[in-house]
Amino acid sequence: MDHDDLRHWSKRAADWAHDYHSTLRDRPVRAPLTPGSIAAQLPENPPENPEAAEAIFADFERIIPPGLTHWQHPRFFAYFPANASPASMLAEQLANAIAAQGMLWQTSPAVTELEQVMMRWLTQALGLPDGFTGTIHDSATTATLSAVLTMRERALGWRGLEKGLASQPRLRLYASAETHSSVDKAARIAGIGQENLVKIHTDAHLSMKPGALAGAIAADRAAGFQPAGVILCAGGTSVGAFDRIADCIAIAKGANLPVHVDAAWAGSAMICPEFRDLWTGVDGADSIVFNPHKWLGAQFDCAVQFLADPAPQIRTLGLRPTYLETAGRDEITNFNEWTVPLGRRFRALKLWFTLRAYGLSGLRDRIRNHVVWAREARDALARLPGVTITTEPSLSLFTFALGSDAETEGLLHRINDDGRIYLTQTRHAGRYVIRVQVGQFDCTQDDVAMIPQVVAELM
Ligand SMILES: *Cc1c(COP(=O)(O)O)cnc(C)c1O
């Protein structure tokens, strides 16, 4: 395949994509297959000789779509969304064609400079103070790891990087049990250890208890541990919990500890001023992560980390061997020094296209609709005899259950085998519950109304 063939086939791919998206509502949301059925259709060995693009494309059309769970399906109400707006898809097509490495400013000044401008746009869009800068990671997991590595090094006076962790003081991190497992992963792979991630009790509103946080920090200091930082939750994955950010940050700052806020999902909603009460005080954070690739429409991968001061993270993650120096240019930003990987995709392009194609007003309308429609679905479900709403809507996420775990689980299986909608489960207060989140970019009020309809039919 050469570039002339590519021109032909990328037009075919664009036509295929249009057909795919316009027929999504007719397809079951979740792949209805048994394990191994896709792999069984593929040859055991790689081809020795070139194959015709016709054959490759035909196999793609035949084998792949039946094995997909359709994340852009308007009735995808599982997990959190991984929205891809059409404008984002177009930008990704261009970024694919350019295939640049944005590791240094000079390896493509446009990649770095557009990213810097997008960070300024997003700072304003979310109502954060001007002092924040930021960068784009592949995922919130990587952003949280970067923040935790920085907490570790700050606590160790940057000795861990050189000396390793043996014979260093035992560090402690603090978070509530509502935070995402990426916080546990960061504690583990940063060498701090799961046991040293202290899970602070939550109150009736599922916020970390600020007093319990203060108590845990003081007790750890008295016992000879070294507290390193606090991770707060703004929109938990399980049921959408929010820590009381201002109160918890006040405790952390009083103890001279840095704070990272995980708003991976809910951060997108902060483009709507009326939701910002949910994270009041966030301007005091050192680091905030949110995923435009969840709810804003700039497709995976696009995780934004805001930093009050990038210097500690650059000191932790930045390395500048001779082959990565940029002669005579000390003032430029080399984003690889802010992140774990060296190589970086051109991710800012899809943010630029998405923000322009819909405008903040268009994106706000979508998010506001999702929140209203989720409440309508909650009310309709609550009217069904036998259904209990187990957690009230946090933005556009709520949970419900039937009388027993077995009944709830049976219902969830029937719903997902049916295929008109897709929901997933979590555990809350000891119960198996079904999560409903509304957030797909193209979903309509009718799509959301299908949730109580399907539940009523299949209960
Ligand atoms: C989805 C999610 C994450 C992980 O996001 P990735 O970008 O997939 O790593 C972390 N925290 C919260 C609250 C999330 O919802």
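Hi everyone, let me start with a convention: helix pairs under 35 degrees count as roughly parallel, over 145 as roughly antiparallel, 65 to 115 as roughly perpendicular, and the rest as oblique. Keep that in mind, and please also remember that what you have in front of you is a predicted model.

Let's take the helix pair. The axes of α4, residues 109–125, and α12 come within 9 Å and cross at roughly 40°. By our convention, α4 and α12 are therefore oblique to each other. The crossing of these two helices is left-handed.

Which residues make the contact? From α4 we have L114, E115, M118, W121, L122 and A125, and from α12 there are A348, L349, L351, W352, L355, R356 and L360. Sorted by class, the α4 contact with α12 has 11 nonpolar residues, 2 charged ones and no polar ones.

Now follow α12 along to the sheet. This helix spans residues 348–382 and lies across β8 and β9, running at about 170° to β8.

The sheet itself is open, with 4 strands in the order β8-β9-β11-β10 and antiparallel pairing. Why do β8 and β10 each have one side without a neighbour in the sheet? Because β8 (388–394) and β10 (424–428) stand at the edges, each with a single partner strand. On average, neighbouring strands here are turned by 30° against each other, ignoring direction.

Further in, β9, residues 397–401, is joined to β11, residues 431–437, by 4 bridges, and these two strands run antiparallel. If you'd like a spot to click on, F400 stands opposite I434 in β11.

That's my tour, thanks for listening!

Definitions and conventions
Residues are numbered from 1 along each chain as its sequence is written. This is a predicted model: local features need pLDDT of at least 70, side-chain atom pairs count only at pLDDT 80 or more; totals for chains, interfaces and linings use all residues. Side-chain values use heavy atoms; hydrogens and water are left out. Two strands pair if DSSP finds at least two bridges between them. Axes are lines fitted to C-alpha atoms, for helices over the stretch in contact, and angles run from 0 to 180 degrees between N-to-C directions. Contact means heavy atoms within 4.5 Å. A crossing is left-handed if the near helix is turned anticlockwise from the far one by less than a right angle, and right-handed if clockwise. Ala, Val, Leu, Ile, Met, Phe, Trp, Tyr, Cys and Pro count as nonpolar, Asp, Glu, Lys and Arg as charged, and the others, Gly among them, as polar.
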